[in-house]
Amino acid sequence: MHGRPRKAPTPEEQEAFSVKASKLRSLQSQFLQFHHAKIYTKEALDVSAKLLESNPEYYTAWNYRKLAVQHNLNLPEVDNNEESVKSILDEELRLVENALKRNFKSYGAWHHRKWVLSKGHSSTDKELLLLGKFQKADSRNFHAWNYRRFVTTLKNIPNEKELEYTTNMIYDNFSNYSAWHNRSVLLSHLLKEKAKGYSPKDNVFTEEYEFVRHALFTDPDDQSGWFYHLWLLDQTVKLETLLVSSWPPHGSYLSLSVDGSFGDCSLSPFTSLQTNTRTLPLILYFSEAVENICSSTVVIECENIASNELVWRSLSGDGAGSAQAWLTYLNFPEEHAHSEKAYQVKVSLVCSQGNFSSTGVHHGDSSHIEFSVSVPPRRSEHVDLKNEGKISWSDESFCSHDTQFLESVLVNLFHLERTKIDETVVDYQWNITTINNEISHCRELLSTMNCKIGKLTLARLLMAHDTLMSNAGTSLRNVSHHAEVLQLYDDLKKMDPAHLHYYQDEYSIVLLKQIISNQELLLKHCRKYRDPSFPRINNFCMRLNNLSLSRIGSMEQLLWVQVLDLSHNQLKTLEGLEVMQLLSCLNVSYNKLCSFTALEPLKLLRSLKALDISYNEIGAHSIDTRRYLCSSPLNHRSGGDWKTEESEMHCAEVAGYWEAYAIFKDLNLIQLDVIGNAVSDKKIKSLLIKLLPSLKWLDGESCR
Amino acid sequence: MGELQVEKHTKYILAVEKRKDDFESVVMEHLRLNGAYWGLTTLDILGKLDAVDQDEVISWVMQCQHEAGGFGGNIGHDPHMLYTLSAIQVLALFDKLHVLDVDKVSSYIAGLQNEDGSFSGDMWGEVDTRFSYIAICSLALLRQLDKIDVGKAVKYIVSCKNVDGGFGCTPGAESHAGQIFCCVGALAITGSLHHVDKDLLGWWLCERQVKSGGLNGRPEKLPDVCYSWWVLSSLIMIDRVHWIDKEKLAKFILDCQDTEKGGISDRPDDAVDVFHTYFGVAGLSLLEYSGLKPIDPAYALPVSVVNKVILPCRP
């Protein structure tokens, strides 16, 4: 029982309970008899009222009251007599009030009141007074707040007036999260309507920042104001949807090798790409999830490519219609196959307001990227794919690149960032000033006390500052706050160990940002694969192993990577990898992947050939935290093919390992390592060999 | 920290099931079907469902069905979504969904969908995202989701999303962990979790853990064992459960046991009830407490039961 002490009742109490129980029992049975016999006399109504006054949760009695009201309003003596109608309904309002005094949280009672008022015969004048009394007694009761929104709509009370009410409630008690919440709802409406005094939103937000600062400085350990502050921060940073990167990148000159003809695989991954077909993946990466990317919103100008026939698909791990990254394939025709042919490709976004953005944020008028692709002549002899070896991830397999070469490659990466905005007209001045202002207030607060959420907020503000600066086109090379933010998260891990893994996840994302935005750091992670007998991959490898990463990010900067080593980290999820469409070899061994369902993002990687998931925790947990983030019949997103394909496999074989089935049936792996997981027994191995017809190496051994 | 008192909780639940005349039972009479679901699911997680007379339970459940197709909280009470889901869940526990007139029950549920995609709890029109969850969960268990407009149902739930990443009972209503479970659960079952801002909501949810290790349901409120379910299941569905201290939470739940008479309460040393006993045990199952059957975070039934009903292949 909520909030009731655990103790055996005294004999007197026992006796009293027993009397109450038998009284209530007899009321209940009398009531049910009347209800089933559809009797709505005064005596019957009295029984139901008594029952509800002692137990407002007895929902059937509220239903009965409604039936009774309908019945009695239709009686000939009542028929449209305003006085009688009012008296019948007033009786209901009185009963609700009594019931609420007994139990303020009774859903049935509150709904009954709404039902009566919706009939339109009762005065609503009393309602706000009544609410005032209730809300004073319990200012966080969400039933009362919901009812308040109902009444203010019914009475057409302007949002401005209700906003004032929240101001008063907050001044009464800064810790009133319910009031802060309602404030965010009302303010969102006012800003959306551009109500008088609420546009431009800059001034409004400046005032709100000041208002919430009172609360934060009064009691920095209270969460209520901080959540509101986070919303303000979010509103200050989210300005527009931007195209942040692409593959191929803007301004690049790319050579396709259709048949492995490069021979030398030590070319920059930015200038050469080996493919089996004359097909090039084109990826657009946005600053936030967007919808509606299709041939009518993206125009491709390129000789021999019919822009309007291109099919775009969202690259989202959860298969949604909105995603940050979108993919299409450009097919270069055979007709020019007798000689090398260079194609100029121009990609433009046709933007009308609200076209892409899932949040309705306005974005720039138009953006475009341009690159060129050189497609070689077709050759008669083909490289024999059958002799392909296996990749080894040992440290000895890698060596460093020539520094000059590396620098020339990485220029492309840093070039990406500089070209990401085209013709944008958003003025960031107010936003940057505001964030700077908040940063200094936050520092001031932290100088006087050690406050957990204050520290976290400072970390968020600093990252927001960096994002704004880079969106505004300012280079961050020397002024980024990464080091300070990493230090803050380190402090937080010690200060608030209960949320250690939250801070570690945030830390990981910032760490990757730091590495990828700093040429010197990045150089250390770019390695060369030694083995020259591995002609099918580019030997340019990104090694992000041994970094304690629990999460990955900065994917927009990694679209070009073909060989990636993420081993010896603490990854529980591969979310984000789905955008790496060029990825051919991936090592995620020695991480914390807990289930096959955690591999879902890999399903979208058509070019993935070698995968190492050995020494994780797959099969070691009874609760699968990726169960609903992967498509399956459980969430009705198996793509409809589950039933037909299921017959292809022996049912009993699949049943125990439906997760493995769901993931691997879509992959085209040649090499796979699963050893060192709780699940890796003979049965799963034979299932994997069946599911992956192209597989040659399983756990280092030839399997064909 | 004590161990989980499996035998005592089993005894406690079986005793509550038999008791009908004390004050508590009389006050709870109108939601006895919910009580049956809480008690029986707990027994199943504890591996003790065999202690119950199946036939007796099923015959009683079926007597709670109203001619309209929905179930009341007890025999003779009006039909309502709240009890219809419990009835379906109890039948699923016993692998007895086939005793239902599936068409009739699912038509009752589908008939309560409103024009805007929301659901009413019954014919009297109270709208709440709790009922969206119930409709979606029930129809998924009955394999009848195509009876409703799922797109509209999802759209309505998304319209109840707040700036803190959480969800309320209607558009504009404050986020509440119980309501968040309903909305996230419904989105999970319909494959629509991309509508959830997982990092924002995950942080809000993990901040529900207070110093004692327990979880509250809204900022600046007291912890309560029932949120071990509402918060934890939501965190699992969006894969952010590692953001809380699981050990401290398990300790909090175990501290709320009545180690003498069995049962679990909202907070240490409060009076126990079936509701909190269920949420405590289910919470421990989500925390992978040893010896307990794993429970599914969306359907709120043992994983083995859900897999049997939903997955096409039976092991």
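This is a short tour of selections to make in your viewer, moving from single residues in chain A to the contact with chain B. Keep in mind throughout that the model is predicted.

**Stop 1: a helix residue in chain A**

Select A:Asp202 and colour the helix around it: this residue sits in α10 of chain A, which covers residues 201-218. Is A:Asp202 buried or exposed? It falls in between: a residue needs 20 or more C-beta neighbours within 10 Å to be buried and 12 or fewer to be exposed, so A:Asp202, with 15 inside 10 Å, counts as partly exposed.

Now add A:Thr236 to the selection and draw a distance between the two C-alpha atoms. You should read 8.7 Å, although A:Asp202 and A:Thr236 are 34 residues apart in the sequence.

**Stop 2: three strands in chain A**

Next, show residues 398-400 and 526-529 of chain A, which are strands β10 and β11. They pair in the antiparallel sense, with three bridges between them. Then add residues 540-543 of chain A, strand β12, which also pairs antiparallel with β11(A) over three bridges.

A:Arg527 is a handy residue to label here. Which residue stands opposite A:Arg527 in β11(A)? Look for A:Ser400. Turn to β12(A), and the bridge partner of A:Arg527 there is A:Cys541.

**Stop 3: the domains of chain A**

Zoom out and give each domain of chain A its own colour: domain 1 is 20-197, domain 2 is 243-383, domain 3 is 429-495 and domain 4 is 511-702. Where domains 3 and 4 of chain A touch, each of the two contributes four residues to the contact. On the domain 3 side of chain A, that set consists of two nonpolar and two polar residues, with no charged ones.

**Stop 4: where the chains touch**

Bring in chain B. How many residues does each chain give to the contact? Chain A provides 70 and chain B provides 63. To explore the side of chain B, select α2 (23-27), α9 (177-189), α10 (198-206) and α11 (226-237), each of which supplies at least two residues. The largest share, three residues, comes from α2(B). Colour that side of chain B by class and you will find 29 nonpolar, 14 polar and 20 charged residues.

**Stop 5: an annotated span in chain B**

Finally, select residues 4-300 of chain B. An unreviewed UniProt entry places the feature "domain: Prenyltransferase alpha-alpha toroid" here. In this model, the span is 48% helix and 0% strand, and its end C-alpha atoms lie 20 Å apart.

Definitions and conventions
Residues are numbered from 1 along each chain as its sequence is written. Chains are lettered from A and ligands numbered from 1 in the order in which they are written. This is a predicted model: local features need pLDDT of at least 70, side-chain atom pairs count only at pLDDT 80 or more; totals for chains, interfaces and linings use all residues. Helices (H or I, at least four residues) and strands (E, at least two) are DSSP runs, numbered from the N terminus. Two strands pair if DSSP finds at least two bridges between them. Two residues are in contact if their C-beta atoms, placed from the backbone, lie within 7 Å. Ala, Val, Leu, Ile, Met, Phe, Trp, Tyr, Cys and Pro count as nonpolar, Asp, Glu, Lys and Arg as charged, and the others, Gly among them, as polar. Domain bounds come from an automatic or database domain assignment. UniProt positions are given in the numbering used here, feature names are shortened, and annotations may be inferred rather than shown by experiment.
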